[in-house]
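Let us take a walk through a protein together. Keep the sequence and the picture side by side as you read.

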Amino acid sequence: MKNNSYEYDVALSFAGENRAYVEEVANSLKMKGIKVFYDVFEEANLWGKNLYEYLSEIYQDRARYTVLFISNFYNQKLWTNHERVSMQARAYQESREYILPARFDDTEIPGILKTVGYINLNDKTPEELAVLIEKKLKSDQTFLKSRWSKITTLINPKPFIFTLKVVNESQELIKNAKIVLIANNSTYLEGFSDENGVAHFIIRTRKLYTVLIAHPEYPAVLFKDINPKEDIEVTIEKTARSGSAIIKKSGDIPGVKGKIEPVLKPNKGFSLYADNIAIEGGKHQPYNFELNKSISLEDNGGNIIHLTFRFFQGRIALVDYCKHKSS
């Protein structure tokens, strides 16, 4: 049965062991105005109901999509398998994708073919997954029509150009500065300053941005809550033996050979992996770190730098680095 007016835009099916991650996804979807079935949100509604029948109805008839969070734990649970059977019964009736698999691991789930496209959660934060779910919903034309009254208030304004100019303390133009504009939902725009020290960005959404600026010869610059309607000029003061970089997921740091990969932990803390690089003299990895606190890195050639994370959101990090002064 096809339904153009679902009670829920998306239902989340998961094992309790994965609740910490899924709860962040659910909260993010709710903040975006998406109607999500997540058991904690439905506690009063579920009270006293025949859950076997009610959950079967939810996952088979009352949600536009279901996100199935695949893990070894999921395969072992009675209730999750009941939910899976219900959603598969729906999937067999429709000629479009209904079950959206998201994998914590490679566990095989009955009826979910390995050839079905899925999201790997090992490289997606809960917020990034929520953004993907939102995009999936917005690609569904019946979803767009059913929510037209809400969407019209959120239609993107006419695109406009935001210009950012980068100079040093002597008012000399700085070219090849890496610049990233990152929104609170972790979506971002990126570019470089040209020979005139200027970077242009086409803005299509009505958002405030955090501006990140990095250059191998200058320290990192960070501005929060920038309205891109107003062009800005940024002055950076040079510091001896120091530079900065913006890392997306993983990257190189000038001065040492190898790659680093910062990771946001479920408890909101930060940890760092380094490939062929010793952290703090050889500490166990992943190494837990704090923003604005220096970390020493040494490569296999004995090169040492001091690294400081200034900002980390989604998979984007802004770092300062300083070459070790030999005695």
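Which two side chains meet in a salt bridge with an N to O distance of 3.4 Å? They belong to glutamate 261 and arginine 315. Glutamate 261 sits in strand 15 (residues 259–264), while arginine 315 is found in the loop between strand 20 (304–313) and strand 21 (316–323), so this pair links distant parts of the chain, 54 residues apart. Please keep in mind that you are looking at a predicted model.

How covered are these two partners? Glutamate 261 has a relative accessible area of 27% and is therefore partly exposed, because that value lies between the 20% and 50% cut-offs. Arginine 315 has 15%, which is under 20%, so arginine 315 counts as buried.

It helps to recall a simple idea here. Side chains of opposite charge can pair when their charged atoms come close. In this model there are 14 salt bridges, and a few more deserve a visit.

Start with glutamate 190, which forms a salt bridge with lysine 248; their closest N and O atoms are 2.8 Å apart. This pair, too, links distant parts of the chain: glutamate 190 belongs to strand 8 (residues 188–192) and lysine 248 to strand 13 (residues 242–248), with their positions 58 residues apart. Glutamate 190 is partly exposed at 34% relative accessible area, and lysine 248 is also partly exposed, at 35%.

Next, find aspartate 320 and arginine 310. Their salt bridge brings the closest N and O atoms to 2.7 Å. Aspartate 320 is in strand 21 and arginine 310 is in strand 20, so the salt bridge ties together parts that are ten residues apart in sequence. Aspartate 320 counts as buried at 11% relative accessibility, whereas arginine 310, at 31%, counts as partly exposed. Salt bridges can also share partners: in this way Lys32, Glu127, Glu134 and Lys138 are joined into one network.

Now let us turn to a residue under cover. Valine 10 is in strand 1 (residues 8–13). Is valine 10 buried or exposed? Its relative accessibility is 1%, and because buried means under 20%, valine 10 counts as buried. Which residues does valine 10 touch, once neighbours within four places in sequence are left aside? Its contacts are Leu29, Ile34, Lys35, Val36, Phe37, Ala63, Tyr65, Val67 and Ile133. Take phenylalanine 37 as one of them: along the chain, valine 10 and phenylalanine 37 are 27 residues apart, yet their C-alpha atoms are separated by 6.4 Å.

For a contrast, move to the surface. Leu51, Tyr52, Leu78 and Trp79 form a nonpolar patch there, and together they have about 460 Å² of accessible area. Helix 3 (51–61) and helix 5 (78–93) each supply at least two residues of this patch. Leucine 78, for instance, lies in helix 5. With a relative accessible area of 71%, leucine 78 is exposed, because exposed means over 50%.

Our last stop is a pocket. The second largest pocket has a volume of about 470 Å³. Its lining is made up of 20 residues, and those nearest its centre are Tyr21, Leu121, Lys124, Leu264 and Pro266. Helix 1 (19–31) and strand 15 each supply at least two residues of that lining. You have met strand 15 before: glutamate 261, where our walk began, lies in that strand.

Terms used:
Residues numbered from 1 in each chain as written. Predicted model: local features only at pLDDT ≥ 70, side-chain atom pairs only at ≥ 80, totals over all residues. Heavy atoms only, no water. Patch = residues over 30% accessible without salt bridge, like charges linked within 9 Å, V, L, I, M, F, W, Y side chains within 5 Å. Areas by Shrake-Rupley, 256 points an atom, 1.4 Å probe, with all protein chains shown as cover. Salt bridge = Lys/Arg side-chain N within 4 Å of Asp/Glu carboxyl O. Helix = DSSP H or I, 4+ residues; strand = E, 2+ residues; numbered from the N terminus. Buried < 20%, exposed > 50% of the residue type's maximum accessible area, 1.4 Å probe, protein only. Contact = heavy atoms within 4.5 Å. 1 Å grid on protein atoms, 1.4 Å probe; cavity = no way out; pocket = protein on both sides within 12 Å on 5 of 7 lines; lining within 4 Å. Points joined across faces, edges and corners; volume = space filled by probe spheres on them.
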